[in-house]
Amino acid sequence: MPKKMMIVDPERCTGCRLCEQVCSVKHNGVSNPSLARIHVVKWDNEGFYLPMRCQHCRDAPCMRSCPVNALYRDEELDSVRINHDICIGCKMCVSACPFGAMGWNPKQGRVFKCDLCHGDPQCVRFCDMKAVDYVETSKMQASRMREAAENYAELMRKHGR
Amino acid sequence: MALNRKIAYIDLDKDEIKVEPIPREWRRKFLGGRGLDAYLLYKHTPRGCDPLGPDNVAIISAGLLVGTLASASARTHVMAKSPLTNLTGSANMGGFFAPEMRWAGFDHLVIRGRAKRPVYLYVHDGEIEIRDAAKLWGVGIYDTQDIIRKELGDEETQILCIGPAGENLVRFANVMTGRKNAAGRTGMGAVLGSKNLKAVACRGTMDIELKYPLEALEYNKEVIDQVISTKVSQIMQRWGTGFIYSVTNTTGLVRTRNFQYNQLPHSEDIECENLDKYSIGLDGCFGCQVHCRHRYVIKEGPYAGTYAQGPEYTSQGAFGAEVGCRSMNTVLVGNHLVNDYGLDTLEVGSMIGWAMELYEKGILTDKDTNGLKLEWGNDEAVLEMVRQMTFREGLGDILAEGPLRAAAKIGPESLPYLIHVKGMSNLHSDERPTPSLALNIAVASRGADHLRGRPAIDLYNLPMKVYEKVYRSPDGYEGPLTNSYSEYEGKPRMVLWQEMVYMAVDCLGVCKYHTVFLSPNHPAFKEFTQLIRLNTGLEFSEMDLWNIANRCYTIERLFNLREGMVRQDDWLPDRYFDEPTKLGLPVARGKSIDREKFKAMLDEYYRLHEWDEEGIPTRELLERLEISDLWPAQN
């Protein structure tokens, strides 16, 4: 299976927060954004929206901070996962994550984080704008380059090349 | 559960808050949202109360499906006796306030009395506090929300508030949340202002439990796909509601220069395609994939650099056709001003358009306007009038009283030029070529208004089988239907059906762009039964929902009757009958409404509603709907 990764494009985000809702329903069976693994950070005075979630870092501070090695890398999805059987609930990972992507569920007494919905992220599935997307790593770069090149191409066309 | 949210009775006279559960019986009879609000308004206000006095109640609510997996379940409803019409006051808005209120534990806030000094309510995880708002008084909509978030130290707080217009008791002041979501109509902002209630802030982290979460997730995807598969949704996703202007103006369905024309020629600048120059992206309400409005930045003039949202179709009329202006910059600035001041954009455009016609006719003179040239297309004068109305200066102070009170002050000769029903102005649509739409505004429970019962799909002249499928369900209606919008026959049924479906979505807290409003292929009663079952566990048939909508709509009718409304109030201004349209395509040109045919439509509409010829619901109907105790009115 080709490797995939989550990407975010704030230019496309309309700020609707459906990603937060479906995430909490999928993982917790309830609608509650405070339990969501993704959160749209908004600057309402400027109209700028940025969905934030786990980056599944290669050298992950959460993993390094865990005293019992409860966090591990799932090589198949290239994601950072929690083994709740080992986790002691110390919340060091919550402090360590530079993105705020690690949460604490007081009811369950558990940390939580994005698990990519085992390869079918619901935030991506429901985002019609594709502000969050789950794409093949090998193709991602080329498509971003094409998008970026559009401006240059437009300019060239305008000036008759 | 989505069903365990509470109702809070807040008395600002006594600083008292009572929290109670919502009886399951009320869910069965009214669902929630607007429907339950209508019942609460009827029960909690004394007949004839002053809309701006302490006895009026302001009700703020989230519908039954808000925050659940029902797409676009984002609507906040605000209800009170209207200071504009003295009848049903009701308006709803999108954004993020209603879901946040539910995560904070509440579905309905019923607010009476008047605080001694400006206050705001802070609702958070089952608690409600009354807090001081002295430093917020006089502050605009944008900054009010900003200041409250900073004060509470929580950027995720969602806030509903009034602006200076509401504080100054402008009778068409609105209630806002976010940059542009407006509970616009019937002056709900003035009611909050009269209570010294500047804002309600919500922050919640409580679960909304869903009955069948994973099935609800899948069904939500189906509904979203259904909605965004339609052409009209795809156009709105790209252009917003502004696309309607190009279509209706070309046809000749846009009220222009108050009511003199039905089209504004050479107004390409205010068409939606031109918004791209100012747009920085589209914006969605909670959970909505239609994202029908733009985020934009003003580029020219004294407001250059200001970030705002919209403008909607309604603002293209208010700051365009109605006042004869042709500048997108004026539309963008006007839209920003009404949003920050907290004014209903529809009423603003109508009042200025009316004043301009009075000025043209010499009924208003330079003396009345303090030298301001209220001439068609005078962009500066239009924007200046917005300011004067908000701060109640000069002529603005008179216009701030709304159509009928302003006409009483200016004089009887001004009355024939008013385009209003029941004391509320119409939006900038011209219904002379479209009898079904004309009937809708004449009978709507909150005055001239398209969002109570407009059969907008009538404008599409679709094949009969499409209308048959929509309008014969779920009660098996067998009477006439027609598929040309110039016809009178069969239209009362269309209006009544739309009243029911709009009431249903307003009870659920779902946006009208997610039901049969602009597309016949959007969800309606059948889909609602599924959404309710999967999210809440409540089992209803399509007919159950129809009956609930009918019950709630009938209560609004009873409220209006109790407050003095009569059959003559379900009628159009004379100009609809006496002045044929002058412009537009052949289908819209030279059209006026036929009095006799319109009267017959109204009779038929009453008959279909099971109201008597005076428009009073029959005893049999009230008994069947289990609300016979409400009429004759005891309070």
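Two strands are taken to pair if DSSP finds at least two bridges between them. Helices (H or I, at least four residues) and strands (E, at least two) are DSSP runs, numbered from the N terminus. The model is predicted: local features need pLDDT of at least 70, side-chain atom pairs count only at pLDDT 80 or more, and totals for chains, interfaces and linings use all residues. Residues are numbered from 1 along each chain as its sequence is written, while chains are lettered from A and ligands numbered from 1 in the order in which they are written.

Pairing occurs across the two chains. Strand 2 of chain A and strand 13 (residues 208-209) of chain B are joined by two bridges in the antiparallel sense, and Ser31(A) faces Ile208(B) in strand 13 of chain B.

In the wider interface, 21 residues of chain A are in contact with 29 residues of chain B, contact meaning that C-beta atoms, placed from the backbone, lie within 7 Å. On the side of chain A that touches chain B, helix 1 (18-28) and strand 2 (30-31) each supply at least two residues. Helix 1 of chain A gives the most, with five residues. The residues on this side of chain A comprise six nonpolar, nine polar and six charged.

Chain B also holds an open sheet of three strands in the order 14-15-16, with antiparallel pairing. Its edge strands, each pairing on one side only, are strand 14 (279-283) and strand 16 (307-310) of chain B. Four bridges connect strand 14 of chain B to strand 15 (residues 293-297) of chain B, and Ser279(B) lies opposite Tyr296(B) in strand 15 of chain B.

Key:
Contact = placed C-beta atoms within 7 Å. Nonpolar A, V, L, I, M, F, W, Y, C, P; charged D, E, K, R; others polar.
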